[in-house]
Amino acid sequence: MFVDEVTIRIKAGDGGNGCLAFRREKFVPRGGPSGGDGGRGGDIYMVGSIHHNTLLHFRYNPEHTAGRGRHGEGSNRTGRSGESIELPVPVGTVVYDADSGDLLHDFTHPDERFLVARGGRGGRGNQHFASSTNQAPTHHEPGHAGEEKRLRLELKLLADVGLVGFPNAGKSTLISRISAAKPKIADYPFTTLEPNLGVVPMPDQRTFVVADIPGLIEGAHEGHGLGIQFLRHVERTRLLLHLVDVSEMSGREPLSDFKIILKELESFSPQLAAKKMFVVATKMDVAQDPKRAQSLQRAARRRGLPFFKISAVTGKGVSELVQAAAGEVLRAPA
Ligand SMILES: Nc1nc2c(ncn2[C@@H]2O[C@H](COP(=O)(O)OP(=O)(O)OP(=O)(O)O)[C@@H](O)[C@H]2O)c(=O)[nH]1
Ligand SMILES: [Mg+2]
């Protein structure tokens, strides 16, 4: 299961209480205050991990608590500190405070560590409160509470190129053709239910990453179909390939499909709508009426978008598309 959004509750350890004690020993009359300090509560860190691809491990385990500090003891003994804990998150996870909505951290590197909740300080024992006028203080502090938060974690896959389009447009077929990804492909809509990533080799030994996401339909921004929540996975790409089925098989109008998807992208975010886009006419091997591809091409030209025609089945036009996409990925800053 692909889980890309979870809300969790974390609670760093409370500090231990300071102790109230006096030194009592044979031959040491009025030994003075000797209450030790409470130990520090444990912290909670998040750590970027390449061994996790989803947030699934939080779905079944949404509460995490670090150890509390032990209380201070007599003879000036400080309590032991609470254990800190580390929570692994996939690289690409964005951490928000669920209550304020503030962005706390964005994990972009493996092994990156981020302190999400600080443990409470231990309270001071009465040993600290002796003064010239009060040699037998009874004051001692309670431990401070550890930070407690509700966090919203969002996973945004890190891909260079995103595939968008109607269901059945041929997105998964294309990614399976140009990379080693093996997504499910079938001639019914909504075959793809979770994003797939594929690594595409470039001629110069370099690679770029393509994300295939579930198809969009009209009203996706209002939750129709599978909705638009998967679009966040292509938010960070440098290039969108907008696939449009121009064959008669679809029983749809390529031009109106194209415009509908543009509108959905816009309602998701203006940044996404402004992203560099190639328009790709798909299933050319079975397209009968050339006018359908032509009208799409004109619409692309009017918007200044590069246009390609491919058949992912025969492979025609695919390498030109990959080359142009690679060029764009290399040109655009990360
Ligand atoms: N003839 C032909 N069929 C194609 C081509 N590309 C894809 N198809 C077929 O179109 C159907 C849908 O392809 P998919 O790749 O699953 O489409 P998708 O865009 O991933 O669809 P969703 O996952 O539902 O959004 C499958 O039956 C494919 O075999 C093509 O270039 N030529
Ligand atoms: Mg698919």
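**Notebook: two domains, one sheet, one ligand**

I looked up the C-alpha centres of domain 1 and domain 2 and found them 48 Å apart. I note here that the model is a predicted one. The domain assignment puts residues 1–155 of the protein chain in domain 1 and residues 161–331 in domain 2.

**Entry 1: the sheet**

I looked up how the strands are ordered. I found an open sheet of 5 strands, running β3-β1-β8-β5-β6, with mixed pairing. Which strands are at the edges? They are β3 (63–65) and β6 (103–106), and each of them pairs on one side only. I also noted the turn between neighbouring strands of this sheet, which is 25 degrees on average with direction ignored.

For my own use I wrote down that strands of a sheet pair through backbone hydrogen bonds, in either the parallel or the antiparallel sense.

I then followed strand β1 on its own. With β8 (residues 148–155), β1 (residues 5–11) pairs in the antiparallel sense over 7 bridges. One residue I checked there was Val6, whose bridge partner in β8 is Leu153. With β3, β1 pairs in the parallel sense, over 3 bridges. Here I found Lys11 opposite Thr65 of β3.

Next I asked which side chains of β1 are buried. Val6, Ile8 and Ile10 point to one face and are buried. Glu5, Thr7, Arg9 and Lys11 point to the other face and are not buried. I recorded this as an alternation along the strand.

**Entry 2: around ligand 1**

I listed the shell around ligand 1 and found 24 residues. Those that come nearest are Gly170, Ser172, Asp187, Thr192 and Gly215. By type, the shell divides into 10 nonpolar, 10 polar and 4 charged residues. Which helix gives the most to this shell? Helix α2 (residues 171–178) does, with 3 residues.

I stayed with α2 and checked its burial. Because 6 of its 8 residues are buried, α2 is largely enclosed by the rest of the structure. The buried ones are Lys171, Ser172, Thr173, Leu174, Ile175 and Ile178. I looked up what they pack against and found the strands β9 (161–165), β10 (196–201), β11 (207–212) and β12 (239–245), together with helix α6.

**Entry 3: Ala326 in α6**

I picked one residue of helix α6 (residues 318–331), namely Ala326. Why does Ala326 count as buried? Ala326 has 21 C-beta neighbours inside 10 Å, and the cut-off for buried is 20 or more. Leaving aside neighbours within four places in sequence, I found Ala326 in contact with Met202 and Phe208. I also checked Pro203, which is 123 residues away from Ala326 along the chain; their C-alpha atoms are separated by 9.4 Å.

**Entry 4: a pair of helices**

Last, I looked up helix α3 (residues 254–268) and helix α5 (residues 290–302). Their axes come within 8 Å and cross at roughly 35 degrees. On the α3 side, the contact is made by Pro254, Leu255 and Phe258. On the α5 side, Arg292, Ser295, Leu296 and Ala299 take part. Sorted by type, the residues of this contact are 5 nonpolar, 1 polar and 1 charged.

Note on methods: Residues are numbered from 1 along each chain as its sequence is written. Chains are lettered from A and ligands numbered from 1 in the order in which they are written. This is a predicted model: local features need pLDDT of at least 70, side-chain atom pairs count only at pLDDT 80 or more; totals for chains, interfaces and linings use all residues. Two strands pair if DSSP finds at least two bridges between them. Helices (H or I, at least four residues) and strands (E, at least two) are DSSP runs, numbered from the N terminus. Axes are lines fitted to C-alpha atoms, for helices over the stretch in contact, and angles run from 0 to 180 degrees between N-to-C directions. A residue is near a molecule or strand if its C-beta atom, placed from the backbone, lies within 6 Å of it. Ala, Val, Leu, Ile, Met, Phe, Trp, Tyr, Cys and Pro count as nonpolar, Asp, Glu, Lys and Arg as charged, and the others, Gly among them, as polar. Domain bounds come from an automatic or database domain assignment. A residue is buried if 20 or more other C-beta atoms lie within 10 Å of its own, exposed if 12 or fewer, and partly exposed in between; C-beta atoms are placed from the backbone. Two residues are in contact if their C-beta atoms, placed from the backbone, lie within 7 Å.
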